[in-house]
Amino acid sequence: MSKTIKTAFDIVETILELEKAGVAELADEVDKPTSTVHDYLQGLEEIGCVVNENGRYRVGSRFLSIGTRMRSQLEIYKVAKPELQNLAATTGEHASLMIEENNHGVVLYTATGEEAVQVDIHDGDVSRLHTTAPGKAILANISPDRTEEIIEHYELPARTPNTITERSELFDELDAIREQGYALDREELFEGMHGVGKPIVVEDDVIGAISVYGPVGRMNESKATKKISDMVLETANVIEISLKY
């Protein structure tokens, strides 16, 4: 990756994390000279990617426009959105669509049911595939070589104390997912939250995965493997048929 492009995105991501930041603060965070960061900010401001509010910068809405337009062009989003809204309404929990992009899982859309607890997850969020139910569902159904490539890319860092970090344990889990047809997240992404994930497969091509997440008290193991998993499997099947025909 060009160092110039990487630095620009590092600055944007740092602003997003801090919500707003001045030049000196950003220079410290990205470990670049103040003059260099100032030049980048001027360029980013000119193209609408950042906004200067009295010397403090925030991310511009141009990214929202780009992301929204990109998402609207994806057939899986257009087909899955109403089905996930129905799934969230039926379960009362969070129902999400994830795709794999550049070795990571990207949340493309989330619908929220009336009983859903507040969690720090947003459309566009990126995660390691082995840390989530939909991510593991994707890993279990792509080719073994591709799975190895993804794992080699970033290894298996922990998100919570429950995240699988050993290769042998992960591959045993992936075998179980293929056998049962769905993946489980047992507080591996968020402590206190369980999830059920199912891949979206069209003509042997894994194009994404859907999931339902809820608090452990409502999404205990027996409930997840019976009621919720059945609804996730049914919804995934509807999406696959719609995409195929």
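## A pocket, an enclosed helix and a few contacts

About 2,000 Å³ of space lies in the largest pocket of this predicted model. Its lining is made up of 50 residues, with Val106, Asp123, Gly124, Asp125 and Val126 lying nearest the centre. If you want to find the walls by element, look at α1 (3–18), α4 (62–72), β3 (94–101), β4 (104–112), β5 (126–127) and β8 (205–215), which each give two or more residues to the lining. By class, that lining splits into 25 nonpolar, 14 polar and 11 charged residues.

Next up is helix α6. How many of its 9 residues are buried? The count is 8, so α6 (residues 133–141) is largely enclosed by the rest of the structure. The buried ones are Ala133, Pro134, Gly135, Lys136, Ala137, Ile138, Leu139 and Ala140. They pack against quite a list of elements: β3, α7 (144–154), α8 (167–180), β6 (183–186), β7 (193–202) and β8. At the N-terminal end, Thr132 acts as the cap of α6, with a side-chain oxygen 2.8 Å from the backbone nitrogen of Gly135.

Now for the aromatics. A search of the whole structure turns up just 1 aromatic pair. The ring centres of Tyr77 and Tyr109 sit 5.9 Å apart with the planes at 75°, so this pair counts as edge-to-face, the cut-off for that being over 60 degrees. The pair ties together distant parts of the chain, as Tyr77 belongs to helix α5 (residues 75–91) and Tyr109 to strand β4, 32 residues away. Both tyrosines, Tyr77 and Tyr109, are buried.

Thr160 is worth a click too. This residue lies in the loop between α7 and α8, and is it buried or exposed? With a relative accessible area of 8%, Thr160 is buried, since the limit for that is under 20%. Leaving aside residues up to four places away in sequence, Thr160 touches Glu187, Glu188, Leu189, Phe190 and Glu191. Its side chain also reaches the backbone oxygen of Glu187 at 2.7 Å.

For contrast, try Glu234 in helix α9 (residues 221–244). Glu234 is exposed, at a relative accessible area of 54%.

Here are two C-alpha to C-alpha separations, one for each of these residues:

| Pair | Apart in sequence | Apart in space (C-alpha to C-alpha) |
|---|---|---|
| Glu234 and Leu87 | 147 residues | 9.7 Å |
| Thr160 and Ile76 | 84 residues | 30 Å |

Technical notes
Residues numbered from 1 in each chain as written. Predicted model: local features only at pLDDT ≥ 70, side-chain atom pairs only at ≥ 80, totals over all residues. Heavy atoms only, no water. 1 Å grid on protein atoms, 1.4 Å probe; cavity = no way out; pocket = protein on both sides within 12 Å on 5 of 7 lines; lining within 4 Å. Points joined across faces, edges and corners; volume = space filled by probe spheres on them. Helix = DSSP H or I, 4+ residues; strand = E, 2+ residues; numbered from the N terminus. Nonpolar A, V, L, I, M, F, W, Y, C, P; charged D, E, K, R; others polar. Buried < 20%, exposed > 50% of the residue type's maximum accessible area, 1.4 Å probe, protein only. Contact = heavy atoms within 4.5 Å. Polar contact = N/O pair within 3.5 Å; in protein donor to acceptor, adjacent residues only side chain to side chain. Phe/Tyr/Trp six-rings, centres within 6.5 Å; stacked < 30°, edge-to-face > 60°.
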